[in-house]
Amino acid sequence: MTRSENPAATAPPRSPRRGMDLGDALREFLRHPSPWLIGTVFLGALIGRVLVGEWLITDALVPVIVLAIFPAFEWVVHVMVLHWRPKKIGPVLVDSELARKHRAHHVDPRDIPLIFIPTRSLLVVIAVLLALAAFAFPRAGLGLTFLLTVTVLGLCYEWVHYLIHTDYKPRHALYRAVWKNHRHHHYKNEHYWFTVTTSGTADRLFGTNPDPSDTPTSPTARNLHAA
């Protein structure tokens with residue numbers, strides 16, 4: 001296996017990040033706005049949920065359903081939104097901030113600010129989630145349970161995605177599998193391995209989880225949509 005085929009292969013090492021432990025990683029993680037924005041919504045939803053009360057069995061079902069759907073949702077967003085190919089409709093170029101930032105993230109997967117959800121896009125997502133929590137559920141408590149669930153998942157997504165792109169090395173089998181899966185996407189072939197927080201769940205469902213040893217190394221993994 002060549003260096004380019006190795007999921008552990010990365011861009012040229014940057015010495016300030018060598019030997020990173022979880023404490024170092026957490027301190028850097030907390031320097032960025034998205035964990036604080038998501039965490040603020042989580043805290044508000046938690047306080048609101050406690051004040052509203054009225055705990056019913058459906059409050060336990062919401063996290064189960066969201067967790068079951070999340071790997072497929074993550075896959076769809078990665079494929080359809082983050083890997084969006086810019087299109088011109090008349091004089092208008094359709095190309096979201098999320099897609100532009102994600103292309104830049106593929107160019108330099110070790111550029112830390114590019115790892116996180118862009119702030120402007122995150123604010124739009126938060127506004128949509130608040131609207132869903134307020135109007136898409138039959139009672140306030142259930143909407144707040146939904147908001148709690150998705151903000152926890154959002155924090156997990158940001159932490160796992162960030163950690164994969166640091167120099168922190170996997171020490172446990174579960175994280176090692178997730179780490180390898182996403183490293184294959186960046187350094188082996190950008191057309192496969194779209195899940196981030198799980199290893200091969202939705203990728204198996206949608207047929208994007210090939211054997212890495214039988215998959216050619218893509219020349220455009222660092223330059224999405226290039227000829």
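Here is a short chat about a predicted model, covering one helix, its two packing partners and two residues with positive phi.

Visitor: How do you know that α7 has the span expected of a helix?
Guide: Helix α7 covers residues 140–164, so its 25 residues should span 36 Å at 1.5 Å a residue. Its end C-alpha atoms are 36 Å apart, which agrees.

Visitor: What makes α7 mostly covered?
Guide: Buried means under 20% relative accessible area, and 20 of the 25 residues of α7 are buried.

Visitor: Why are α3 and α7 called oblique to each other?
Guide: Their axes are 9 Å apart and the packing angle is about 40 degrees. Roughly parallel would need an angle under 35 degrees, and roughly perpendicular runs from 65 to 115. The pair fits neither, and is therefore oblique. As for handedness, α3 passes α7 in a right-handed crossing.

Visitor: Which residues of α3 and α7 meet?
Guide: From α3 come Thr58, Asp59, Val62, Pro63, Val66, Leu67, Phe70 and Glu74. On the α7 side, they meet Gly141, Leu142, Thr145, Phe146, Thr149, Val150, Leu153 and Tyr157. Sorted by class, this contact has 10 nonpolar, 4 polar and 2 charged residues.

Visitor: And α2, why is that helix called roughly antiparallel to α7?
Guide: The cut-off for roughly antiparallel is an angle over 145 degrees. The axes of α2 and α7 cross at roughly 155 degrees and come within 9 Å, so the two helices count as roughly antiparallel. Here the crossing is left-handed.

Visitor: Which residues make the contact of α2 with α7?
Guide: α2 brings a list including Ser34, Pro35, Ile38, Phe42, Leu46 and Arg49. α7 answers with residues among them Gly141, Leu144, Leu148, Val152, Leu155 and Glu158. The residues of this contact divide into 12 nonpolar, 7 polar and 2 charged.

Visitor: Now for the backbone. What makes the phi of Glu54 worth a remark?
Guide: Phi of Glu54 is near 55 degrees, a positive value in a residue other than glycine. Glu54 is in the loop between α2 (33–52) and α3 (57–82).

Visitor: Why is Glu54 called partly exposed?
Guide: Partly exposed lies between the 20% and 50% cut-offs. Glu54 has a relative accessible area of 47%, so the label is partly exposed.

Visitor: How do you know that His225 counts as partly exposed?
Guide: Under 20% would be buried, but the relative accessibility of His225 is 24%, so this residue counts as partly exposed. His225 lies in the segment after α9 (201–206), and its phi is near 70 degrees, again a positive value in a residue other than glycine.

Key:
Residues numbered from 1 in each chain as written. Predicted model: local features only at pLDDT ≥ 70, side-chain atom pairs only at ≥ 80, totals over all residues. Heavy atoms only, no water. Helix = DSSP H or I, 4+ residues; strand = E, 2+ residues; numbered from the N terminus. Buried < 20%, exposed > 50% of the residue type's maximum accessible area, 1.4 Å probe, protein only. Expected span 1.5 Å × (residues − 1). Axes fitted to C-alpha atoms, helices over the stretch in contact; angles between N-to-C directions. Left-handed = near helix turned anticlockwise from the far one by under 90°. Contact = heavy atoms within 4.5 Å. Nonpolar A, V, L, I, M, F, W, Y, C, P; charged D, E, K, R; others polar.
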